[in-house]
Amino acid sequence: MNEKQKTKSWIQRIDWINSLFLTLTPILAIVLTWAHIRFEGMNWSLMIPFIILYFATGLSITGGYHRLISHKAYKANPIVKLLYLIFGAATFQNSALKWCSDHRVHHRHCDHEKDPYNIQKGFFWAHMGWIMMKAENEDSISHSSHAIAPTEDLSQYPKDLTSDKLIMWQHRHYLAISVLTGLGLPVLIGYFMGSPLGGLAILGFARIVFVHHMTFFINSLCHIVGSQPYTDTNSAKDSPIMALFSYGEGYHNFHHYFQSDYRNGIKWYHFDPTKWLISGLQSVGLASDLKRTSDEDILRAQLKMEHKRLQDKRIAKGQQSGEIEIIEELASKIDHILQQLIIAKRQRNSSRTSHDQKIGQQIQDKIKALHTDLGMLMESWCKKTNSRLKFYVPKAN
Ligand SMILES: [Zn+2]
Ligand SMILES: [Zn+2]
């Protein structure tokens, strides 16, 4: 079968259902919106449900398909999960079973042949080309099924997903749920707002196209545009601008390095509506066990990257001086303190559960002392290297 697939021409490999769907939806969005404006006059009040559906369906992909189901970054109430599955289907990006299986393969084989949306094959491939073509090899689940008609061969999917009743319910009824929520609901809302055609055009097709491309950007531009503060072992990039267009997923370098963290933007001011939704759900008791990388681990990763860059620069310049040794020494001292802080904070957490106040106080004093040392060392590091990492120094408490 492989040999046969390899000899197929690119035309034979086109997935016509997916290709037609991705090509016709923008055309329908434009033609139907034009018809709505031409024959009914623009109904601006439709912008309110448009924004609500844009976020409800897009965040169901990022908060539900991605961070909850693919990465298990937190636990959600079954009602929340059900809503994610219903509104996620309305984006026409396939069932969660298929989407999440692909996504795990992307993380496992990022930038390599088995990566379904391998950016090394170019922007268009990573953005949508991979959806429009059939499989090149049997390892990729992605190319073998349609975005609007999932395959029924369940053996290729991860067991934790196939054993989940809600995920399987959505997978089995995917097409009906997608059509009812993605197109039926927009027509119904449009009907109650005086224009079923406007509803279909703007809340249905235009919203599908916008959500498609905003989420497709995560696989394409988020592997092209931005910086690499945590790792350069894969192409994922951090970009605050991309975060604006991808429901907060633009901090993709952080995500590829700390994939089980419920956040992508780690600072409170980082635009990450998916993170805000998850912490909001936690505050009303609908989400729990939010996984969060420690500040120490984040700083360690950043220091490692900065250190690597400095080394590369030095090699490029052919420098050799005592200054380099000072930086090396500082890096190893900071790393040592960060490791001690991680251990001390773990000890503090277990002393809290044992309610031993004396030990708890001793550990707290140790943490404060370590933190003071860390502050001084980081100051030296920043001066010596012109680094901005001082902004990421972990808090003492
Ligand atoms: Zn990625
Ligand atoms: Zn991911």
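**Exercise 1. Find the residues with the most contacts inside the largest nonpolar core, and the helix that gives the most to this core.**

Step 1: the largest nonpolar core has 65 residues. A nonpolar core here is a set of buried Ala, Val, Leu, Ile, Met, Phe, Trp, Tyr and Cys residues joined through C-beta atoms within 7 Å; buried means 20 or more other C-beta atoms within 10 Å of a residue's own, with C-beta atoms placed from the backbone.

Step 2: Tyr74, Ala96, Cys100 and Phe217 have the most contacts inside this core. Helix 10 gives the most to it, with twelve residues.

Step 3: a second, separate core has 16 residues, including Ile334 and Leu370.

A quick word on the model: it's predicted, so local features need pLDDT of at least 70 and side-chain atom pairs pLDDT 80 or more, while totals for chains, interfaces and linings use all residues. Residues are numbered from 1 along each chain as its sequence is written.

**Exercise 2. Work out how helix 3 sits against helix 10.**

Step 1: take helix 3 (residues 47–70) and helix 10 (residues 196–219); their axes come within 10 Å and cross at roughly 40°. Axes are lines fitted to C-alpha atoms over the stretch in contact, with angles from 0 to 180 degrees between N-to-C directions. Helices are DSSP runs of H or I, at least four residues.

Step 2: that angle makes helix 3 oblique to helix 10, as oblique is what remains outside under 35, over 145 and 65 to 115 degrees.

Step 3: look at who meets whom: Pro49 and Phe50 are among the helix 3 residues, and Ile202 and Leu203 among those of helix 10.

How values were computed
Chains lettered and ligands numbered in written order. Helix = DSSP H or I, 4+ residues; strand = E, 2+ residues; numbered from the N terminus. Contact = placed C-beta atoms within 7 Å. Buried ≥ 20, exposed ≤ 12 C-beta atoms within 10 Å, placed from the backbone.
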